[in-house]
Amino acid sequence: MRVLGLLLLTYVLTAPSQATPFDAPVYHYQGALKVDPDTGHIAADWQIDLLAGQSGALTFVLAPSLGNIAVSGDVTGFETGEQGPFQSLTIQLEDDARQIGIRYDGVLLPEPMDNDINAISPERVELTIDSFWLPVDAGFRGFFTADLTVDVGAAWRAVANGEVTQLPTGARIINSGPSLDIAFTLAPDFRVSGQEGYTLFDLRDHDEGRDRLIVAADFCLDYLNARFGARDPLPQISFVIHRRSESAYNRRAYITLTDISDTPDDRLTQFVCHELAHHWSAGADFMTVENWLNESFAEYTGVMALRERHGEAAFLDRMNGFRDQVAGQDLPPVWVPGATERRPYLVNYRAEPIALWHLETCLGRPAFEAFLVRYMVDGIDTTPDLLAMLEEVAGTEARDWFEGRLAVSDG
Ligand SMILES: [Zn+2]
C-alpha cells in the first residue's frame with residue numbers, strides 16, 4: 001500500500017485546464033457511502049457510468065478488507081483476486097456496456113495506515129484513494145467525475161476535493177472535474193476561518209502557527225495569481241490543518257496540511273506555494289517520466305516564492321540543500337528521448353529543480369520567467385513540447401543546452 005500511496009500522494013489528482021487523452025473522464029461515479037465512525041465499518045453502493053461504452057473485462061482495485069461484493073448492471077460476471085497488497089475486482093462486461101453497479105462493505109482499516117492519512121474514528125473520517133475505499137480502475141487511467149453522498153450518522157462538517165453540500169448526517173460531494181480520487185475529511189467540528197480566496201479548516205484545538213500560515217498563503221495567492229492567473233486564477237481553496245506532524249497532500253482545491261505550529265515561515269511559503277502551483281502544473285501523465293514536469297515546476301516555483309519573500313540567502317540555502325541531497329546518488333537522467341519510466345522522488349523534487357535553477361542562471365531571470373509563465377499558462381504536458389517552447393522563448397542554443405542538461409541528473 002505504501003508504494004502506491006506515496007506514488008499517488010506526490011501527485012495532484014487534478015485535471016489540467018485543457019483535456020488531454022490520459023485524464024479525460026472515462027467514468028461517472030454516483031455513490032452512497034455509509035461510515036460508522038465508532039467501528040470503522042463502511043458500506044458503499046456505486047453506480048458507475050462507462051461514458052464511452054466498454055466491452056470485455058474491466059478490473060478495479062479495492063481494499064482487501066472489503067467484502068460482500070455484489071456487481072450488477074451491464075455485466076455477465078465478476079471475480080475477485082489479489083493485486084499486490086490490494087484486492088482486484090475483475091468484471092466481465094456485456095458488449096458496449098454503459099453502466100455497472102458495485103456494492104461492498106467491511107471494516108476498511110482493521111489496522112491503521114502508516115501515514116495516518118486514511119482514518120475512521122469518532123474524531124474524523126478522512127479518506128483518499130490510498131486506502132482504496134473506492135473502486136479505482138486498475139490502470140490508473142480511469143479518471144472520473146463523481147457525485148457521492150457520505151453518511152456518518154451525525155451532523156459532521158465536510159471538506160473535500162469537490163463541491164460540498166452539508167446534509168443532516170453527512171455531506172454530498174460533487175466532483176465535476178475529472179479526477180482519480182474522491183478525497184475528503186469529515187469531522188464533528190472544525191475551527192473555520194474564512195480568508196480572502198481560501199478557508200482554513202483547523203482540526204487542532206489551538207491556533208499556533210495559524211497567523212503565520214495566513215501570511216504565507218496570502219503571499220502565495222498573490223505571487224502565483226500575478227504570474228500565472230490572468231486567464232485561469234486559483235479557485236477558492238480549502239486548507240485542512242490536521243493534528244499530525246507528517247503527510248500533507250493536495251487534491252485540486254482541497255489541500256491538507258500537517259500541524260503547522262512549528263513550521264518555519266520559509267518552509268510554509270515554499271510548501272504552500274508548491275501545492276498551489278499545482279493548479280497549473282498538473283497536466284503531465286503522472287504515471288510516466290513526464291511527471292517530472294508536474295513536480296519540478298511546482299517545487300521550483302515554491303523555492304522561487306521563498307526567494308521573493310525571504311531573500312536570496314534563504315533561496316541559496318535551500319537550493320544548496322537540494323544539491324547535498326542528490327550528491328553522490330546514483331540517479332537516472334531526468335529525461336532523454338524515448339524515456340518512459342516515472343522517476344524517483346530525488347529526481348523530480350530535487351535534481352530537476354536544480355536543473356531549472358541552472359537554466360534560470362543561464363537564461364537570466366526575465367527570460368526564465370517568460371519560459372515559466374508559458375509552461376504554466378499553456379498547460380504544457382510533455383518534455384518535447386517544453387523544449388519546443390523553450391526554443392521559441394530563448395532560441396535553439398538554449399533548447400539544445402537544456403535537453404543535454406536533462407540527460408544528466410546531477411549536472
Ligand atoms: Zn507536488
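Two strands pair if DSSP finds at least two bridges between them. Keep that in mind for the first stop of this tour, and remember throughout that you are looking at a predicted model.

**Stop 1: a hairpin**

Select residues 191-195, which form strand 14, and residues 198-202, which form strand 15. These two strands run antiparallel and are joined by 5 bridges. Now pick out S193: which residue stands opposite it in strand 15? The residue facing S193 there is L200. Next, move to the turn of this hairpin, where 2 residues sit between the strands. One residue to click on is G197, which takes a positive phi near 95°.

**Stop 2: an open sheet**

Now bring up an open sheet of 4 strands, with the order 6-7-13-10 and antiparallel pairing. Which strands are at its edges? They are strand 6 (119-120) and strand 10 (157-160), and each of these pairs on one side only. For the middle of the order, select residues 125-127 for strand 7 and residues 184-187 for strand 13. Strand 7 and strand 13 run antiparallel, with 3 bridges joining them. To see a bridge up close, select E126, whose bridge partner in strand 13 is T185.

**Stop 3: two residues with a positive phi**

Most residues other than glycine have a negative phi. Here are two to look at with that in mind.

Start with N68, which you will find in strand 3. The phi of N68 is near 50°, a positive value in a residue that is not glycine. Is N68 buried or exposed? N68 is exposed, because 9 other C-beta atoms lie within 10 Å, and the exposed class covers counts of 12 or fewer.

Then select F132, in the loop between strand 7 and strand 8 (136-137). F132 also is not a glycine, and its phi is positive, at about 50°. F132 counts as buried because it has 25 C-beta neighbours inside 10 Å, and a count of 20 or more puts a residue in that class.

**Stop 4: a loop residue, S65**

Go to the loop between strand 2 (41-62) and strand 3 (67-73), and select S65. With 18 C-beta neighbours inside 10 Å, S65 counts as partly exposed. What does S65 contact, leaving aside neighbours within four places in sequence? Highlight G106, V107, L108 and P110 to see those contacts. For a view across the model, add G364: S65 and G364 are 54 Å apart in space, C-alpha to C-alpha, and 299 residues apart in sequence.

**Stop 5: a helix residue, A277**

Select residues 265-277 to show helix 3, and find A277 in that helix. A277 is buried, since 29 other C-beta atoms lie within 10 Å. Not counting residues up to four places away in sequence, A277 touches L224, A298, T301 and G302. You can also draw a distance from A277 to F297: the two are 20 residues apart in sequence and 8.1 Å apart in space, C-alpha to C-alpha.

**Stop 6: helices that cross**

Show helix 4 (residues 291-310) together with helix 6. Their axes come within 8 Å and cross at roughly 65°, and the crossing is right-handed. From helix 4, the contact uses N291, W292, E295, S296, E299, Y300 and V303, while helix 6 brings V347, N348, Y349, E352, P353, L356 and W357. Colour these by type and you will find 8 nonpolar, 3 polar and 3 charged residues.

Keep helix 6 (residues 345-363) on screen and add helix 9 (residues 396-406). The axes of helix 6 and helix 9 come within 11 Å and cross at roughly 155°. That angle makes helix 6 roughly antiparallel to helix 9, because angles over 145 degrees are classed that way. In this contact, A355, H358, L359, C362 and L363 of helix 6 meet A398, W401, F402, R405 and L406 of helix 9. These residues divide into 8 nonpolar, 1 polar and 1 charged.

For the last view, select helix 7 (residues 365-378) and helix 8 (residues 383-394), whose axes come within 10 Å and cross at roughly 140°. That makes helix 7 oblique to helix 8. The crossing of helix 7 and helix 8 is right-handed. Look for A367, A370, F371, R374, Y375 and D378 of helix 7 against L386, M389, L390, V393 and A394 of helix 8. This contact has 9 nonpolar, no polar and 2 charged residues.

How values were computed. Residues numbered from 1 in each chain as written. Predicted model: local features only at pLDDT ≥ 70, side-chain atom pairs only at ≥ 80, totals over all residues. Contact = placed C-beta atoms within 7 Å. Axes fitted to C-alpha atoms, helices over the stretch in contact; angles between N-to-C directions. Parallel < 35°, antiparallel > 145°, perpendicular 65-115°, else oblique. Nonpolar A, V, L, I, M, F, W, Y, C, P; charged D, E, K, R; others polar. Left-handed = near helix turned anticlockwise from the far one by under 90°.
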